[in-house]
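Q: I have this model open and would like to talk through how its ligand site earns its labels. Could you take me through the reasoning step by step?

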Amino acid sequence: MVKAVYPGSFDPVTNGHMDIIKRAARIVDELIIVVSVNSAKNPMFSMDERLQMIGEVTKEIPNVRVMSFEGLTVECARRLGATVIIRGLRAVTDFENEMQLAQTNHYIDSGIDTMFLATGLEYSFLSSTIVKELAYYGSDISRLVPGKVEKMVNDKIKNISSQK
Ligand code: ADP
């Protein structure tokens, strides 16, 4: 039984993330999406909102669950009994950083391997930051995120704008 974690900020979850989630879920027996508490970033969505959002858009995939974690991904994987960390690779620009992370993780625990999935070409430019930027300036994001997430992002932006 292969258990894997897929860590990230998912602020918000995009179709690029969804592509990786669906493909990883076909490879491993259980996939746990780990939403990281990243104090260096100022997220648009709270942890509860991100957990609810990801739970909603992955509810049809039976071997996927979602949780939050603060700390090292390797420590999270170890506690859950997961032996694989899934990461998505968009372009060479991701490579250096991801390679360093994977090697650090392997140094900490050689029993846990990082597995990279190359993104589909159509998502190679896509990031949560791009989605937020486009939505903020009124661009259509319907092809970039699941429908429910599109609504959540647009509602959040309306909310932010009305508070100004
Ligand atoms: P982090 O801040 O940890 O990189 P993200 O939510 O930005 O969190 O990304 C989580 C994971 O998803 C990372 O492995 C990242 O490379 C991958 N990812 C992000 N966007 C895409 C995309 N468009 N296609 C494939 N993988 C992606």
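A: Gladly! An oxygen atom of the ligand lies 2.6 Å from a polar backbone atom of glycine 88. Please keep in mind that this is a predicted model.

Q: What makes the approach of the ligand oxygen to glycine 88 a polar contact?

A: A polar contact is a pair of N or O atoms within 3.5 Å. The ligand oxygen and the polar backbone atom of glycine 88 are 2.6 Å apart, so the pair counts as a polar contact.

Q: Which side chains have a polar atom 2.9 Å from the ligand?

A: Serine 9 has a side-chain N or O atom 2.9 Å from an oxygen atom of the ligand. For threonine 119, a polar side-chain atom is 2.9 Å from a nitrogen atom of the ligand. With the cut-off at 3.5 Å, both pairs therefore qualify as polar contacts.

Q: How much of the ligand's accessible area does the protein cover?

A: On its own the ligand has 550 Å² of accessible area, and the protein covers 89% of that.

Q: What makes a residue part of the group that surrounds the ligand?

A: One of its heavy atoms has to lie within 4 Å of the ligand. The ligand is surrounded by 16 residues, and the closest are Tyr6, Lys41, Gly88, Thr119 and Leu126. By class, this shell holds six nonpolar, six polar and four charged residues.

Q: Why is the ligand said to take up the largest pocket?

A: A molecule sits in a pocket if more than half of its atoms lie within 2 Å of the pocket's grid points. The space taken by the ligand is the largest pocket, so the ligand passes that test. The elements giving two or more residues to the shell around the ligand are β1, α1 and β4.

Q: What is the volume of the largest pocket, and which residues are closest to its centre?

A: Its volume is about 1,100 Å³. The lining has 45 residues, with Pro7, Gly8, Ser9, Lys41 and Arg87 closest to the centre. α4 (92–108) is among the elements that supply at least two lining residues, and its seven residues are the largest share. The lining is made up of 17 nonpolar, 19 polar and nine charged residues.

Q: What stands out in the backbone of the loop between β1 and α1?

A: Proline 12 is in that loop, and the peptide bond leading to it from aspartate 11 is cis, with omega near 5°. Phenylalanine 10 is also placed there; although not a glycine, it has a positive phi of about 50°.

How values were computed
Residues numbered from 1 in each chain as written. Predicted model: local features only at pLDDT ≥ 70, side-chain atom pairs only at ≥ 80, totals over all residues. Heavy atoms only, no water. 1 Å grid on protein atoms, 1.4 Å probe; cavity = no way out; pocket = protein on both sides within 12 Å on 5 of 7 lines; lining within 4 Å. Points joined across faces, edges and corners; volume = space filled by probe spheres on them. Helix = DSSP H or I, 4+ residues; strand = E, 2+ residues; numbered from the N terminus. Nonpolar A, V, L, I, M, F, W, Y, C, P; charged D, E, K, R; others polar. Polar contact = N/O pair within 3.5 Å; in protein donor to acceptor, adjacent residues only side chain to side chain. Areas by Shrake-Rupley, 256 points an atom, 1.4 Å probe, with all protein chains shown as cover.
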